[in-house]
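Please look over the model shown below before reading the comments. They are meant for a reader who has not met this structure before.

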Amino acid sequence: MAAYVDRDYVGLIGAMSPTDIEELETSVPGAFDAIALAVSRMFDARLSKRYQTPFDPVPEALKYHVTQVVVFELFKKRGFNPSSEQDATISDARKESLEWLKEAADSKDGLVDLPIRETPTPDVSAILQAGPLGTSDDSPYSWIDVQAERMRSGT
């Protein structure tokens, strides 16, 4: 699985310049790719109960918010500028993106809508594989017999 964003996209959309990204990549080889992949999978983990993940194609809104978190993590890795007012903006953008993520994952009250999960995949969580919450029986007392039989058979 690939990350949702690459260096070119983050350089164009994010608050970290392409030059700064390349300097960080020179000093810590592989840092960008690892951070971008980790953040992408973090977004997937939150969104997977409601959406088909990983996204293909990736919605632009998702790429934008992944970028904001990636930029924050890159600045943490490189170090923030002590006298920069931009640091607060970068931190605020990250917070807004994480709030957007929670909103997108909230199927009840969330206002964000992305492509909905259509069919469960074999590796889905147990939440999506749950069975019915109720049954109907011939008699109001037959459930006791079924429960007793399950206890005896160990299932």
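The numbered points below take up selected helices and residues in turn.

1. Basis of the note. The model is predicted, so that local features need pLDDT of at least 70 and side-chain atom pairs count only at pLDDT 80 or more, while totals for chains, interfaces and linings use all residues. Residues are numbered from 1 along each chain as its sequence is written, and side-chain values use heavy atoms, with hydrogens and water left out.

2. Helix α3. This helix covers residues 31–47; helices (H or I, at least four residues) are DSSP runs numbered from the N terminus. Its 17 residues, at 1.5 Å a residue, should span 24 Å, and the end C-alpha atoms are indeed 24 Å apart. The expected span is 1.5 Å times one less than the number of residues.

3. Burial of α3. The buried residues of this helix are A31, F32, I35, A36, V39, S40, F43, D44 and L47. Here buried means under 20% relative accessible area, exposed over 50%, and partly exposed in between (1.4 Å probe, protein chains only). The cover over these buried residues includes α1, α2 (18–27), α4 (60–78) and α5.

4. F43. This residue of helix α3 is buried, with a relative accessible area of 0%. Apart from neighbours within four places in sequence, F43 is in contact with L62, H65, V66, V69, S97, W100 and L101; contact means heavy atoms within 4.5 Å. The C-alpha atoms of F43 and T53 lie 9.3 Å apart, with the two positions 10 residues apart in sequence numbering.

5. D87. Which side chain of opposite charge is nearest to D87? It is R78, 6.4 Å away, and D87 is buried yet has no salt bridge. A salt bridge is a side-chain nitrogen of Lys or Arg within 4 Å of a carboxyl oxygen of Asp or Glu; Lys and Arg count as positive, Asp and Glu as negative, and His and the chain ends are not counted. D87 is found in helix α5 (residues 86–105). Leaving aside neighbours within four places in sequence, D87 is in contact with F80 and N81.

6. E60. This residue belongs to helix α4 and is partly exposed, with a relative accessible area of 46%. E60 and Y4 are 56 residues apart along the chain, and their C-alpha atoms are separated by 9.8 Å.

7. Helix α6. The 12 residues of α6 (residues 142–153) should span 16 Å, and the end C-alpha atoms are 17 Å apart, which agrees. G154 follows α6 and has a positive phi, near 80°.

How values were computed. Helices (H or I, at least four residues) and strands (E, at least two) are DSSP runs, numbered from the N terminus.
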